[in-house]
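Q: Please take a close look at one helix of this model and at what packs around it. I would like a connected account rather than a list.

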Amino acid sequence: MSYYLVGEYLEDAVVALVRFLVIKRLAGNSSTLMVVKEYFVDGVSPSSISYKYRVSKFRVRGYIQRVIEKTRNSYLASLIIKQVFPLILEIEPAVIKVNEKYVCLLCDQSFESEVTAENHLRRKHEEHISKTVKEVLESIKELPASK
Ligand SMILES: [Zn+2]
């Protein structure tokens with residue numbers, strides 16, 4: 001990684017945000033990813049996003065808040081997400097929805113909800129998560145701030 005702006009704070013923010021997005025992608029949680037992308041990359045308002053994806057405004061704001069907590073800066077979050085989003089979409093999800101079940105492709109267990117599947121990934125497949133986060137970070141050639 002060759003960072004234009006080297007700083008522990010910036011690096012921590014990038015890692016935390018990439019990890020958040022990687023887990024959502026691995027868990028097959030496309031709605032959170034799309035909400036985050038539309039707000040931070042496309043500049044769509046929370047109410048339009050809420051209407052488009054039929055997610056409550058409360059949840060949309062919750063996702064946005066969780067992203068901002070990672071960077072403590074909305075502008076920085078946008079810069080990072082713009083750069084990493086295409087890489088995130090290249091990751092193979094580890095959980096797929098089959099009828100009403102969420103199946104973990106890494107160990108074949110199935111779960112009742114998206115939330116339990118995601119918690120399962122965090123608990124049982126940390127190695128897979130870290131490996132994927134590392135791969136995304138290595139693909140970032142330079143910090144988004146340099147654009
Ligand atoms: Zn599993």
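A: The expected span of a helix is 1.5 Å times one less than its number of residues. In this predicted model, helix α5 covers residues 74-90, and because its 17 residues should on that basis span 24 Å, the 24 Å between its end C-alpha atoms agrees with the expectation. Helix α5 nevertheless bends by about 45 degrees at Val-84, with a proline, Pro-86, following within four residues.

Val-84 is also among the buried residues of α5, together with Leu-76, Ala-77, Ile-80, Ile-81 and Gln-83, and the cover over these buried residues includes α1 (8-26), α2 (30-40), α4 (57-71) and α7 (126-139).

One residue on the α1 side of this arrangement is Leu-21, which has its place in helix α1. Because 20 or more other C-beta atoms within 10 Å make a residue buried, Leu-21, with 27 of them, counts as buried. Beyond its neighbours within four places in sequence, Leu-21 is in contact with Leu-33, Val-84 and Ile-88, so that the residue at which α5 bends, Val-84, is one of its partners. Leu-21 and Leu-137 lie 116 residues apart in sequence, and their C-alpha atoms are 12 Å apart in space.

Two of the covering helices, α1 and α4, also meet each other: their axes come within 7 Å and cross at roughly 150 degrees, and since angles over 145 degrees count as roughly antiparallel, that is how the two helices run relative to each other. In this contact Ala-13, Ala-16, Leu-17 and Phe-20 of α1 meet Val-67, Lys-70 and Thr-71 of α4, which by class gives five nonpolar residues, one polar and one charged.

How values were computed:
Residues numbered from 1 in each chain as written. Predicted model: local features only at pLDDT ≥ 70, side-chain atom pairs only at ≥ 80, totals over all residues. Bend = angle between axes of the 7 residues up to and from the residue. Buried ≥ 20, exposed ≤ 12 C-beta atoms within 10 Å, placed from the backbone. Contact = placed C-beta atoms within 7 Å. Axes fitted to C-alpha atoms, helices over the stretch in contact; angles between N-to-C directions. Parallel < 35°, antiparallel > 145°, perpendicular 65-115°, else oblique. Nonpolar A, V, L, I, M, F, W, Y, C, P; charged D, E, K, R; others polar.
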